[in-house]
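Me: Could you walk me through how the elements of this model pack against one another?

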Amino acid sequence: MSQEILEKRVLALKYRPHRFEDLVGQSTVSQTLSLALDSDRLSHAYLFSGLRGSGKTSTARIMAKALLCSEGPTSKPCEVCDNCKSANSNRHLDVIEMDAASNRGIDDIKDLIEHTKYKPSSGRFKVFIIDEVHMLTTQAFNALLKTLEEPPPFVKFILATTDPLKLPATILSRTQHFRFNKIATADVIHHLSHILNEENIAYEKDALEILARTGQGSLRDTLTLLDQAIIFSKGRVNTTSVVDMLGLIDPKLMDNIFSIILNKGDINQIIKDLEVYEVSQICDEMAIYLKDKMLSKDTKFDLLLFDRFFRILSDAKHLLAINSDGGFVLILTFMKMIEATNLKTIDDIINQVEKLEVRKETPVSKPVEKIVEKVVEAPIEKIEEKAIERVIEKIEEIKPVFVEPETKIEEVTPFDEVLVQSDNIMDLGMIDAIEVVDYSTPFDDLPMTPAPAVAKEIEIEKPKEIAIEPIIEHQVPANIFEEIEIVPLEEVFEEETDIQNELYEKLTAKVYDRDPDLGECFEKNFIFNGFENKKLYITSYAQDEDRKFLYKHFGIIKTFAQDIFGNDVELDFKKEEPSVLENKKVEEKEETNSVSQNEISSNEVIENSNDTSSMLEEIEMGSGCVADMHKGAVTQPSQQELQLNDILNSKMLDKAKELFDIKKITVKARS
């Protein structure tokens with residue numbers, strides 16, 4: 001190529017490296033390839049991957065020239081033989097360079113494979129350079145696999161790509177992979193200064209730093225910007241011309257911006273000067289400026305200040321990402337930075353605290369003094385340690401309150417009343433009052449000792465015993481019917497109870513459908529006590545893990561109850577200890593035994609009666625129920641015994657025993 005044509009080429013092509021020593025920022029790759037050439041440990045396929053403009057294609061051409069050199073293979077081609085000259089001018093017949101972006105089909109790969117069958121024309125090897133190899137189709141990759149794995153001895157493949165992740169694993173496994181790193185800014189600046197010295201062009205180092213930073217590690221992009229800067233600056237590359245060309249913020253303006261921020265000056269003029277720039281670009285430039293100041297350890301900035309400024313810029317970028325108004329974001333950023341400069345050392349804060357005037361504290365109000373006296377006078381051994389701690393915490397919360405001298409507290413709070421009225425045991429619920437839910441749950445803590453008033457009410461409501469008077473044989477039938485005129489009401493009550501039980505069984509089944517474990521825990525710990533006035537009465541025996549499990553799913557249980565019993569249903573829980581349930585089971589067992597003994601005695605009476613056949617006939621026809629007593633005009637003794645047993649075993653009596661907690665039933669005969 002003539003010297004005149006070479007002079008007119010762009011810098012990226014004019015100063016393309018021709019030796020491994022000329023590669024910029026890729027010392028690892030150049031050293032490895034040089035040693036492989038000198039030791040004759042060559043692979044049949046190489047893969048070069050890395051950032052654009054990092055030297056992949058240039059390295060592939062240098063490698064091809066080193067393989068074809070008449071004195072090679074060598075890491076230092078002679079540059080004078082015909083093979084080297086032909087390779088430098090890109091017209092060597094044995095160097096086949098293919099662009100996979102435009103020749104990506106299976107037919108193109110078939111042509112390439114066809115060329116591999118023929119020996120090189122003049123060189124030692126036939127070298128195939130496939131650039132942007134990741135653009136090949138899947139079918140093309142599959143067609144290339146066999147040839148790439150076992151090519152002829154005289155064939156070498158050099159693949160280049162910017163995205164190696166798009167290559168199939170079968171291709172990666174058949175090649176030696178070399179990764180080209182991002183070129184360091186210092187290496188780029190050194191290379192730019194070398195080129196400008198060769199071109200006899202004056203420059204400023206700050207201008208080269210801006211160009212290198214803008215190129216973002218790509219040497220080709222940086223050389224393209226240098227070409228543009230040489231033209232724009234009219235032969236002298238300075239900072240002002242480069243900043244104007246790239247549309248960046250002048251470093252002097254950036255110094256002025258942070259000077260105003262640190263001195264808490266007026267930002268209106270800065271906002272006007274920055275109207276021609278994009279807000280995102282301003283944030284990026286400010287971040288770069290702060291990074292340079294951090295590395296140079298500028299004394300105007302503190303480490304905490306750097307941290308605050310970078311956080312503010314990060315928030316600004318986030319606001320811009322959600323399409324916020326750029327001008328507003330810029331103003332907000334500057335205002336936050338000015339506010340962030342209010343740094344105070346620990347000594348300054350201590351001095352500020354020491355200068356504060358201490359306000360006079362008036363004596364604590366009388367109710368508080370009463371509380372203290374009451375707590376001190378109370379027997380310590382009868383107050384739990386946790387209760388004492390909570391009372392002291394409450395007192396400490398009340399003590400620091402400053403009260404005006406004229407203020408007098410005359411009303412006694414519920415907290416005071418509890419402490420004054422209680423002799424030995426304090427109700428700490430008044431101290432740590434928390435907002436409760438609008439409905440009761442079966443998981444509230446059981447009281448340690450029930451209140452006396454409640455115990456009295458329970459004793460009043462609980463009947464000692466129920467006298468059931470059986471029907472005697474010699475009584476007139478009419479009198480018998482007069483004594484049992486309440487049977488229809490009992491039937492109605494039984495029907496209502498049966499309906500309620502069915503509804504509760506539906507509720508239990510619905511809980512089982514939702515979760516079998518929850519249904520089992522629900523049925524085991526909850527006892528149905530009735531449904532009246534839109535209230536569902538349930539006794540809860542839940543403890544420990546069952547209590548936590550039911551509490552977690554209580555919302556679901558309440559929802560199911562509203563679906564079955566109505567949306568306005570209220571859950572009324574009566575909490576009992578599990579021992580109470582066990583006692584009830586023992587009592588029910590004893591009652592069952594006594595009832596069975598009564599049944600045995602009644603059966604003996606039936607066997608001794610003379611009307612056994614008539615009794616069996618009546619039983620088969622459906623007699624013996626309380627409701628069927630109206631059918632016969634004359635009541636037989638056997639029927640009377642059956643009626644007594646039915647009453648003892650009736651659901652109504654079982655319900656009464658469960659509701660009133662009956663311990664004993666006495667049957668008295670009429671005189």
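**Helix contact and sheet**

Me: Which residues of helix 25 meet helix 26?
Reply: Helices (DSSP runs of H or I, at least four residues) and strands (E, at least two) are numbered from the N terminus, and contact means heavy atoms within 4.5 Å. On the helix 26 side, the partners are Asp546, Phe549 and Leu550. The helix 25 residues that meet them are Asp517, Leu518, Cys521, Phe522, Lys524 and Asn525.

Me: How reliable is the basis, and at what angle do the axes of helix 25 and helix 26 cross?
Reply: This is a predicted model, in which local features need pLDDT of at least 70 and side-chain atom pairs count only at pLDDT 80 or more, while totals for chains, interfaces and linings use all residues. Residues are numbered from 1 along each chain as its sequence is written, and side-chain values use heavy atoms, with hydrogens and water left out. Axes are lines fitted to C-alpha atoms, for helices over the stretch in contact, with angles from 0 to 180 degrees between N-to-C directions. The axes of helix 25 (residues 516–525) and helix 26 (residues 544–552) come within 10 Å, and they cross at roughly 115 degrees.

Me: In what order do the five strands of the open sheet lie?
Reply: Two strands pair if DSSP finds at least two bridges between them, and here the pairing is parallel. Strand 2 (95–99) and strand 5 (176–180) are the edges, each pairing on one side only. The order is 2-3-4-1-5.

Me: Which residue of strand 5 is the bridge partner of Gly50?
Reply: Strand 1 (residues 45–50) and strand 5 pair in the parallel sense over five bridges. In strand 5, the partner of Gly50 is Phe180.
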